Amino acid sequence: MALLGRPSARHRKQLEAALATPFPRRWSKLLETRCAHFRRLPSVFRDRFEQQTKIFLATKRITGVKTRVAEETRLLVAASAVSLTVGWPDYTWDQLAEVLLYPDDFGRDYNFGGADASGQAHPWGIVILSVPTLNRSFDEVGDAYHVGFHEFAHLLDLTQ
């Protein structure tokens with residue numbers, strides 16, 4: 001389990017800066033609107049969710065591949081991961097190296113527009129997410145499939 005232990009000096013500074021900054025009101029509004037899981041959390045877990053989200057966004061690389069990464073998309077990526085770990089107070093996703101955001105679903109050869117995958121988690125710490133499918137996952141709460149939860153859960157499985 002990737003618990004907060006002895007972070008490097010750089011990582012420690014990122015954590016301190018993230019924790020010292022108040023959670024932006026626009027992020028809270030966005031999570032209230034788009035994240036059913038966040039809406040259902042009791043206040044003690046909401047506070048933890050916000051803290052972990054700030055840490056995730058301050059310390060994890062989220063890179064768009066042929067797509068622009070909007071602040072809202074970054075927040076939805078973080079919310080996908082943190083929804084799984086909010087019950088573990090000091091979880092930091094140390095096994096995650098980078099999240100790659102694709103403009104569409106992709107094929108086995110990673111070309112966009114394929115129908116094979118909308119996400120993927122690699123054992124070396126890379127998670128790939130299709131931005132349209134990530135958005136659908138938050139918008140269609142009745143659908144049992146959430147690409148963000150699914151791929152970050154795979155990464156958790158790989159660390160066991």
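**View 1. The buried and exposed faces of helix H2 in the predicted model.** In this predicted model, helix H2 spans residues 25–34, and Trp 27, Ser 28, Leu 30, Leu 31 and Arg 34 are buried within it. Seen down the axis of H2, these buried residues fall within an arc of 165°, so they line one face of the helix. The face turned away from that buried side carries Arg 25, Arg 26 and Thr 33, which are exposed. The cover over the buried residues of H2 includes helix H3 (36–40), helix H4 (43–59), helix H5 (71–85) and helix H6 (131–139).

**View 2. The open sheet of 4 strands.** The strands follow the order E1-E2-E4-E3, and their pairing is mixed. Strand E1 (61–64) and strand E3 stand at the edges with a single partner strand each, so one side of each is left without a neighbour in the sheet. From one strand to the next, the twist averages 15°. E1 and E2 pair in the parallel sense over 4 bridges, and Arg 61 stands opposite Glu 98 in E2.

**View 3. Helices H6 and H7 against the sheet.** Helix H6 packs on the sheet, where it touches E2 and strand E4 (126–130), and its direction makes about 75° with that of E4. Helix H7, made up of residues 147–158, lies across E2, E3 and E4 and runs at about 165° to E4.

**View 4. Two separate nonpolar cores.** The largest nonpolar core has 34 residues, and those with the most contacts inside it are Phe 56, Val 77, Trp 93, Val 99, Leu 129 and Phe 152. At least two residues of this core come from each of H2, H4, H5, E2, E4, H6 and H7, with H5 giving the most, namely 7 residues. A second core, separate from the largest one, has 6 residues, among them Leu 100, Tyr 102, Phe 106 and Ile 126.

**View 5. Asp 116 in the loop between strands E2 and E3.** Asp 116 lies in the loop that joins strand E2 (98–102) to strand E3 (119–121). Leaving aside neighbours within four places in sequence, Asp 116 is in contact with Phe 106, Gly 107 and Arg 108, and the side chain of Asp 116 reaches the backbone nitrogen of Arg 108 at 3.0 Å. Phe 106, one of these contacts, is also a member of the second nonpolar core. The C-alpha atom of Asp 116 is separated by 26 Å from that of Arg 34, a residue 82 places away along the chain and one of the buried residues of H2.

Terms used: Residues are numbered from 1 along each chain as its sequence is written. This is a predicted model: local features need pLDDT of at least 70, side-chain atom pairs count only at pLDDT 80 or more; totals for chains, interfaces and linings use all residues. Side-chain values use heavy atoms; hydrogens and water are left out. Contact means heavy atoms within 4.5 Å. A polar contact is a pair of N or O atoms within 3.5 Å; within protein, one must be able to donate a hydrogen and the other to accept it, and residues adjacent in sequence count only if both atoms are side-chain atoms. Buried means under 20% relative accessible area, exposed over 50%, partly exposed in between (1.4 Å probe, protein chains only). The arc is that of the directions from the helix axis to the C-beta atoms. Two strands pair if DSSP finds at least two bridges between them. Axes are lines fitted to C-alpha atoms, for helices over the stretch in contact, and angles run from 0 to 180 degrees between N-to-C directions. A nonpolar core is a set of buried Ala, Val, Leu, Ile, Met, Phe, Trp, Tyr and Cys residues joined through side-chain atoms within 4.5 Å.
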